[in-house]
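Let's take a walk through this model, one stretch at a time. Have the sequence and the 3D view ready as you read.

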Amino acid sequence: MPFATTPFHWHKPILTHPARTPIVQREKRWALGNYGATGVMTSRRLRLRIIRFYAAVFLVCAGNPMKVLVAVKRVVDYNVKIRVKSDQTGVETANVKMSMNPFDEIAVEQAVRMREAGTAEEVIAVSMGPSQSQETIRTALAMGADRGILLETDDELQPLAVAKLMRAIVDKENPNLVIVGKQAIDDDSNQTGQMLAALLGWAQGTFASELKFNGETVNCTREVDGGLETLALKMPAVITTDLRLNEPRYASLPNIMKAKKKPIDTMSPSDLGVDTAPRLTTLNVTEPAGREAGVIVDSVAELVEKLKNEAKVI
């Protein structure tokens, strides 16, 4: 059967488009389904069907832009020397420089890059803690996040409580993806992302060093002892970021000024109906013992003797 030659010629390579999804195949059958006895359609009907076919291909290939939720935590700056309180109840935070958790900076950078690439349409930064946590959110907004949410509380928030609060925010905002740092440098728990994925029943990709999005799935490459492991996760999903995922940008002065006008919604854990009572009790916090000075030995025999009798490692 001949193809229509006036005013359009339907080339066969178009019919073998690589996007072989049900919606594209349906539109292709619909576009070619009614040529009549001569195989010739009116130009207007053919034009409309060609437009519908390519629109279906575009929607499937491009995918729908997603909403990304990023958690950011206010911690003691990594350049500050940590001092333990005199009563050994924790570390000193009064008059100490605070900043965003470095792993959370990587999470914000990844979300902003997704929006710049057209993969995401909105980036929301979420922080929990005292009112000063607004500064951390403003940093995320200056990096490129669109708006912020602050759960203001002076209570201690342990990983399970944070995961429950994040789940409540997810239920409210309905994001397609949640990105968090793999751990915070103050408590090094490395638990929140995994707990959140379990509470939501979502797929999880931890210690991500590379992310590639393909429609409704995301390929998450992570470092393991034997090399690299790549997981195909069906979204929605929770991602925890590792150091090699990206290098966070510095916020420019114009973006810092713009961040002051971006909205931050403030609420409390009670507004979400979440119990944040601690499940763990810290008995005491002590500084690690100082390292002893090294010793230079005169012979191998003396070295073996010290390793055996003093260090007791052999």
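Two strands count as paired if DSSP finds at least two bridges between them. Keep in mind that what you're looking at is a predicted model.

With that rule in hand, start at strand β8, residues 217-224. On one side, β8 is joined to strand β9 (residues 227-234) by eight bridges, with the two running antiparallel. To pick out one rung of that ladder, find V218, whose bridge partner in β9 is L233. The link from β8 to β9 is a hairpin that passes through two residues.

Now go back along the chain to β7, which covers residues 203-214. This strand also pairs with β8 in the antiparallel sense, here over six bridges. Look for N214, which sits opposite T217 of β8. Between β7 and β8 there's another hairpin, with two residues in between. One to check in that turn is G215, which has a positive phi of about 65°.

Next, swing over to helix α4, residues 102-116, and find Q110 in it. Is Q110 buried or exposed? Its relative accessible area is 9%, and buried means under 20%, so Q110 counts as buried. Leaving aside residues up to four places away in sequence, Q110 touches I179, L211, F213, L245 and N246.

Last stop: helix α9, residues 300-309, where you'll find L303. L303 is partly exposed because its relative accessible area, 40%, falls between the 20% and 50% cut-offs. Together with V300, V304, L307, V313 and I314, L303 makes a nonpolar surface patch of about 540 Å².

Note on methods
Residues numbered from 1 in each chain as written. Predicted model: local features only at pLDDT ≥ 70, side-chain atom pairs only at ≥ 80, totals over all residues. Heavy atoms only, no water. Helix = DSSP H or I, 4+ residues; strand = E, 2+ residues; numbered from the N terminus. Patch = residues over 30% accessible without salt bridge, like charges linked within 9 Å, V, L, I, M, F, W, Y side chains within 5 Å. Areas by Shrake-Rupley, 256 points an atom, 1.4 Å probe, with all protein chains shown as cover. Salt bridge = Lys/Arg side-chain N within 4 Å of Asp/Glu carboxyl O. Buried < 20%, exposed > 50% of the residue type's maximum accessible area, 1.4 Å probe, protein only. Contact = heavy atoms within 4.5 Å.
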